[in-house]
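Please work through the exercises below with the structure open beside you. Each task is followed by a solution that goes step by step.

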Amino acid sequence: MGSKTVVNNYGSFDVTFTHGQGSTCYDVNGKKYIDFLAGIAVNALGHNYEPLVKAIQDQAAKQIHICNYFVSDVGVEFAQELLKATGFEGVYFGNSGGEGNEAAIKLARKYGYLNGGEKRRVIYTLESSFHGRTMATLTATGQEKFHPACFAPYVEGFKTIKPNDWEAIKTAFDDTTAALLIECVQGEGGVNLIDPEWAKAAAKAARDAGAIVMADEVQTGFGRTGVLLASDELGFEPDVVSFAKGVAGGVPMGGILFRGKANEVFKAGDHQSTFAGNPLACAAGLVVLKELQKPSFLDSVKEKGEYIRKEIASWKCESLGEIRGKGLMIGVDVVDPKSALELEKKLLENGLLTSTAGRNTLRMVPPLNISYEEIDEGLKILKKTLENF
Ligand SMILES: Cc1ncc(COP(=O)(O)O)c(C=O)c1O
């Protein structure tokens with residue numbers, strides 16, 4: 001029904017959802033689905049989570065929008081809490097991951113300009129990365145399939161290096177490099193992990209050449225990998241972090257955190273957005289952040305991720321290959337000639353929401369507070385589906 005009326009840019013499945021509870025969703029026919037997708041890593045606290053719903057309702061009754069000529073009480077509070085929790089010095093609010101990365105790209109370009117003039121403009125990203133669908137973030141994306149001729153010309157000043165390639169970082173960066181942007185776990189590229197030692201060495205090489213270092217945490221940020229920011233665990237201490245997806249539990253919100261050299265770059269007028277820092281999103285963000293900071297919440301994300309990966313591995317299923325991931329960001333390769341997309345479709349039919357990613361991979365990114373009962377129910381559907389796949 002829905003996919004015939006809303007613009008079909010997405011190749012959406014013909015299922016129309018009405019509501020959800022916890023990590024369970026229901027369609028117009030009352031059919032039940034276990035949610036191992038969370039709106040692509042967005043519904044961090046699942047559906048109809050009471051404190052989140054209440055905060056949004058209360059904020060809606062107070063003020064939905066005020067615009068950035070002013071600040072809102074809840075916007076200031078969220079910014080303060082974010083900086084306290086992450087150790088960053090500044091935050092720019094946007095509305096999506098693409099916008100967060102656009103802000104990061106603009107910051108990097110201006111940083112390069114201030115520290116090397118016209119020459120220092122190049123932003124390095126990693127092969128197989130994904131950074132968004134706007135023209136600059138699409139260009140930054142390190143996958144050729146996202147650069148079809150129909151959208152050319154692309155934006156100048158982007159280069160890629162291969163992740164975990166030690167030779168590449170010896171020579172890549174020089175006085176033309178403004179920034180290195182690392183997607184901490186490559187979600188769209190196939191749930192590919194970055195070696196922390198390599199990330200640290202790449203960041204050092206970029207910094208030695210005078211560049212800043214940025215992390216794309218649009219998907220990995222805010223608890224997805226079992227830590228507040230995945231870059232903390234990788235240890236490369238980015239100057240800028242872009243975020244979005246789970247940060248406000250489903251209300252559109254994105255942006256960047258910055259510190260050190262990167263904190264000096266943006267001045268009034270450099271970058272703006274009408275909806276940015278919207279009080280409704282900030283009220284939602286406060287609830288998510290508070291939840292993530294509860295003792296053992298993040299550890300439980302790690303434990304649930306390990307539980308899922310171990311359980312799938314124990315099936316020794318011939319249709320499945322490597323199982324990768326961190327926390328509740330899980331990728332399972334489907335062995336050719338079987339297709340991850342076909343598996344995703346069958347799972348949907350059988351009542352489990354998942355998605356696919358780069359390397360013929362089934363991607364699972366459930367709500368961070370999914371219960372073990374729902375995990376077991378979802379795994380049962382996956383196992384049964386694989387038996388007839
Ligand atoms: C790592 C990463 N960066 C950027 C984006 C773009 O975010 P959005 O779709 O909110 O613009 C995504 C979306 O999937 C992402 O996974």
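**Exercise 1. Describe how the two domains of this predicted model are placed and what the domain 1 side of their contact is made of.**

Solution. Begin with the distance: the centres of domain 1 and domain 2, taken over C-alpha atoms, are separated by 26 Å. Next, assign the residues, and note that domain 1 is written as two segments, 2–49 and 296–387, whereas domain 2 covers 63–292. The contact between them takes 26 residues from domain 1 and 25 residues from domain 2.

Then look at which elements build the side of domain 1 that touches domain 2: α1 (38–41), α10 (297–314), β13 (320–326), β14 (329–334) and β17 (361–364) each supply at least two residues. Within this side, α10 gives the most, with five residues. Finally, sort the residues of that side by class, which gives 13 nonpolar, eight polar and five charged residues.

**Exercise 2. Characterise the chain as a whole, and decide how its radius of gyration relates to the globule rule.**

Solution. Count the secondary structure to start with: the chain has twelve helices and 17 strands. The radius of gyration is 21 Å, close to the 21 Å that the globule rule gives for 389 residues, so the chain is as compact as a globular protein of that length. Along its principal axes, the C-alpha trace spans about 60 × 55 × 45 Å.

Now turn to the interior, where buried residues make up 50% of the 389 residues. As a last step, consider the contacts between residues at least 6 apart in sequence, of which 72% join residues at least 24 apart.

**Exercise 3. Identify which residues come nearest to the ligand, and work out how helix α4 takes part in the shell around the ligand.**

Solution. The shell holds 15 residues, and those that come nearest to the ligand are S96, G97, G98, G132 and V218. By class, the shell divides into three nonpolar, nine polar and three charged residues. By element, the largest share comes from α4, which supplies three residues.

Then examine the helix itself. Helix α4 runs over residues 97–114, has 18 residues, and reaches 26 Å from its first C-alpha to its last, close to the 26 Å expected at 1.5 Å a residue. Of these 18 residues 13 are buried, so α4 is largely enclosed by the rest of the structure. When reading along such an element, keep in mind that an α-helix has 3.6 residues a turn, so residues three or four places apart point the same way.

**Exercise 4. Locate the cis peptide bonds that join A152 to P153 and D336 to P337, and place each proline in its loop.**

Solution. Take the bond between A152 and P153, which is cis with omega at about 5°; P153 lies in the loop between α5 (135–140) and β6 (158–161). Then take the bond between D336 and P337, which is likewise cis with omega at about 5°; here P337 lies in the loop between β14 and α11 (340–350).

**Exercise 5. For N48 and F222, state the backbone phi and decide whether each residue is buried or partly exposed.**

Solution. N48 is not a glycine, yet its phi is positive, at about 55°. This residue lies in the loop between α1 and α2 (50–62). Because N48 has 13 C-beta neighbours inside 10 Å, it counts as partly exposed.

F222, also a residue other than glycine, has a positive phi near 60°, and it is found in the loop between β10 (212–216) and α8 (230–234). Since F222 has 30 C-beta neighbours inside 10 Å, and 20 or more are needed for the label, it counts as buried.

**Exercise 6. Determine the surroundings of E127 and D165, and give the distance from each to a lysine.**

Solution. E127 is found in the loop between β5 (122–126) and α5, and it is partly exposed, with 16 other C-beta atoms within 10 Å. Leaving out residues up to four places away in sequence, E127 touches G142, T160, I161, K162 and P163. From E127 to K159 there are 32 residues in sequence and 9.2 Å in space, C-alpha to C-alpha.

D165 lies in the loop between β6 and α6 (168–171), and with 14 C-beta neighbours inside 10 Å it counts as partly exposed. D165 and K302 are 137 residues apart in sequence and 27 Å apart in space, C-alpha to C-alpha.

Conventions. Residues are numbered from 1 along each chain as its sequence is written. This is a predicted model: local features need pLDDT of at least 70, side-chain atom pairs count only at pLDDT 80 or more; totals for chains, interfaces and linings use all residues. Helices (H or I, at least four residues) and strands (E, at least two) are DSSP runs, numbered from the N terminus. The expected span of a helix is 1.5 Å times one less than its number of residues. A residue is buried if 20 or more other C-beta atoms lie within 10 Å of its own, exposed if 12 or fewer, and partly exposed in between; C-beta atoms are placed from the backbone. Domain bounds come from an automatic or database domain assignment. Two residues are in contact if their C-beta atoms, placed from the backbone, lie within 7 Å. Ala, Val, Leu, Ile, Met, Phe, Trp, Tyr, Cys and Pro count as nonpolar, Asp, Glu, Lys and Arg as charged, and the others, Gly among them, as polar. A residue is near a molecule or strand if its C-beta atom, placed from the backbone, lies within 6 Å of it. The radius of gyration is taken over C-alpha atoms; the globule rule is 2.2 Å times the number of residues to the power 0.38.
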